[in-house]
Amino acid sequence: MEPVIFELRKESDGLFSYDARISRDEASAGDYLDAINGFQERFVAPCDGCANCCWERVPLTAPDARRYAAELYGPAPDTGDRLSAAKPIGRFIAEYGQVYEQGDWIDIQLRRRPDGSCVFLDQAARRCRLHHLRPLVCQSYICLPSSRRAAALRQKLVNEGENELVWLWLLSLPEAAPAALASLYRGGAFEGKSAFSQVSLREAAGPGLWQKLRR
Ligand code: SF4
């Protein structure tokens, strides 16, 4: 059995929705993305040429930004030093991201053009210019209603992954961020993880949601 399972459900009103459950304790965010992409290939009409969701907010996670930075600027040196890893991420955010700050609250998204479209959208072709790198939030966007636990897991992954990105972005700035601010964004399931396959779903979900997903 696959570690993460997405299932189509027919509701009492005859409409379809989807649900998610987890079959293994060691399931990762990489397994989640494999499963949700596989589900869409089987059950959802191809979105090739439909860019309706590419005018919405696209919050970024740390592995999303790492993948973009590696493709656009070349692989980061594998020094194990988080400051070195943060520099290309900071450059990517400066060139293609948008940072919103309000007090301690920081949100990092893909940049949108003045008309609201995503910076990576080819508007003439209505296609993502870097489709193979599209962020977690784009990969997990399904044009169907979802169960509460599936929606909650997606939200948790986006939030935890974005927290780690905010921490790396703070590290990349020329002036050190106040320790109290930096500490708000440290210590989540994505901390120190360079790829989705290294992120534990159990840790990202937290105990309450994990129990619901393992049922
Ligand atoms: S990254 Fe690609 S798929 Fe995601 S909103 Fe931008 S253009 Fe659309």
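This report describes the ligand site, a strand hairpin and one buried serine in a predicted model.

**Ligand site**

The ligand sits in the largest pocket. Around the ligand are Cys54, Val58, Tyr68, Leu110, Cys118, Phe120, Leu121, Cys128, Pro135 and Cys138. Sorted by class, this shell has ten nonpolar residues, with no polar and no charged ones. Leu110, one of the residues around the ligand, is also the last residue of strand S4, which covers residues 105–110.

**Strands**

The table lists three strands with their residue ranges.

| Strand | Residues |
|---|---|
| S2 | 16–22 |
| S3 | 97–102 |
| S4 | 105–110 |

S3 and S4 run antiparallel and are joined by six bridges. Within this pairing, Val99 stands opposite Ile108 in S4. The two strands form a hairpin with two residues between them. Gly103 lies in the turn and has a positive phi of about 60°. S4 is mostly covered, with five of its six residues buried. As background, the side chains of a regular strand alternate between the two faces of the sheet.

**Ser17**

Ser17 is found in strand S2. Ser17 counts as buried because its relative accessibility is 4%, and the cut-off for buried is under 20%. The side chain of Ser17 also makes a polar contact, at 2.4 Å, with the side chain of Glu11.

Methods:
Residues are numbered from 1 along each chain as its sequence is written. This is a predicted model: local features need pLDDT of at least 70, side-chain atom pairs count only at pLDDT 80 or more; totals for chains, interfaces and linings use all residues. Side-chain values use heavy atoms; hydrogens and water are left out. A residue is near a molecule or strand if one of its heavy atoms lies within 4 Å of it. On a 1 Å grid over the protein atoms alone, a cavity is a set of points where a 1.4 Å probe fits but cannot get out, and a pocket is an open set with protein on both sides within 12 Å along at least five of seven lines; lining residues have an atom within 4 Å of a point. A molecule sits in a cavity or pocket if more than half of its atoms lie within 2 Å of its grid points. Ala, Val, Leu, Ile, Met, Phe, Trp, Tyr, Cys and Pro count as nonpolar, Asp, Glu, Lys and Arg as charged, and the others, Gly among them, as polar. Buried means under 20% relative accessible area, exposed over 50%, partly exposed in between (1.4 Å probe, protein chains only). Helices (H or I, at least four residues) and strands (E, at least two) are DSSP runs, numbered from the N terminus. Two strands pair if DSSP finds at least two bridges between them. A polar contact is a pair of N or O atoms within 3.5 Å; within protein, one must be able to donate a hydrogen and the other to accept it, and residues adjacent in sequence count only if both atoms are side-chain atoms.
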